[in-house]
Amino acid sequence: MTDEDIDLEETPEISAEMFARSIVRRGLKPVSRKTQLTLRIDNDVLEFYKKLRCGLSNKNQRFIAGILRAYMEAHQS
């Protein structure tokens, strides 16, 4: 099958902003169990993530947890 043979009529458009916010997990280890905790964050940092992710929600928690995991994995070697 060639690229021209693929029907993309029902495929939604993906904006550059949506692509930049995506997190790809293909090929990564399954996410381990979660621990609930209370975390104090500087107001300016919290406001940055609220603006970036349009308020706090479970998606924001996963997003920030993904950033923390990436930082941890980058510094383990």
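## A walk through a three-helix chain

Lysine 34 counts as exposed, because its relative accessibility is 64% and anything over 50% falls in that class. This lysine is found in the loop between H1 and H2, and that is a friendly place to begin a tour of what is, please keep in mind, a predicted model.

Lysine 34 does not stand alone in its charge. Together with Arg25, Lys59 and Arg62, Lys34 gathers in a patch of positive charge on the surface.

Now step back to see the whole chain. There are three helices and zero strands, so from the N terminus on the order of elements reads α-α-α. Of the 77 residues, 5% count as buried. The chain exposes about 8,000 Å², and carbon and sulfur atoms supply 55% of that area.

Let us go to the segment before H1, where serine 15 has its place. Serine 15 counts as partly exposed because its relative accessibility is 33%, a value between the 20% limit for buried and the 50% limit for exposed. What does its side chain reach? The side chain of serine 15 comes to the backbone nitrogen of methionine 18, at 3.1 Å. That distance makes the pair a polar contact, because the cut-off for two such atoms is 3.5 Å.

Moving on along the chain, we return to the loop between helix H1 (16-21) and helix H2 (43-53), where isoleucine 41 lies. With 37% relative accessibility, isoleucine 41 counts as partly exposed. That value matters for the next feature, because a residue needs over 30% relative accessible area to be part of a patch. Isoleucine 41 joins Leu37, Leu39 and Val45 in a nonpolar surface patch of about 370 Å². So the loop that holds isoleucine 41 also holds lysine 34, a member of the positive patch, by the helix limits used here.

Our last stop is helix H3 (residues 58-76), which holds both arginine 69 and glutamate 73. The two are four residues apart, about one turn of the helix. Arginine 69 forms a salt bridge with glutamate 73, and their closest N and O atoms are 3.6 Å apart. The pair qualifies because the limit for a salt bridge is 4 Å. How many salt bridges does the count come to? The count comes to one. As for their surroundings, arginine 69 is partly exposed, with a relative accessible area of 32%, and glutamate 73 is partly exposed as well, at 43%.

Methods
Residues are numbered from 1 along each chain as its sequence is written. This is a predicted model: local features need pLDDT of at least 70, side-chain atom pairs count only at pLDDT 80 or more; totals for chains, interfaces and linings use all residues. Side-chain values use heavy atoms; hydrogens and water are left out. Patches are made of residues with over 30% relative accessible area and no salt bridge: like charges are joined within 9 Å, nonpolar side chains (Val, Leu, Ile, Met, Phe, Trp, Tyr) within 5 Å. Accessible areas come from the Shrake-Rupley method with a 1.4 Å probe; for residues, only the protein chains shown count as cover. A salt bridge is a side-chain nitrogen of Lys or Arg within 4 Å of a carboxyl oxygen of Asp or Glu. Buried means under 20% relative accessible area, exposed over 50%, partly exposed in between (1.4 Å probe, protein chains only). Lys and Arg count as positive and Asp and Glu as negative; His and the chain ends are not counted. The place of a charge is taken as NZ of Lys, CZ of Arg, CG of Asp or CD of Glu. A polar contact is a pair of N or O atoms within 3.5 Å; within protein, one must be able to donate a hydrogen and the other to accept it, and residues adjacent in sequence count only if both atoms are side-chain atoms.
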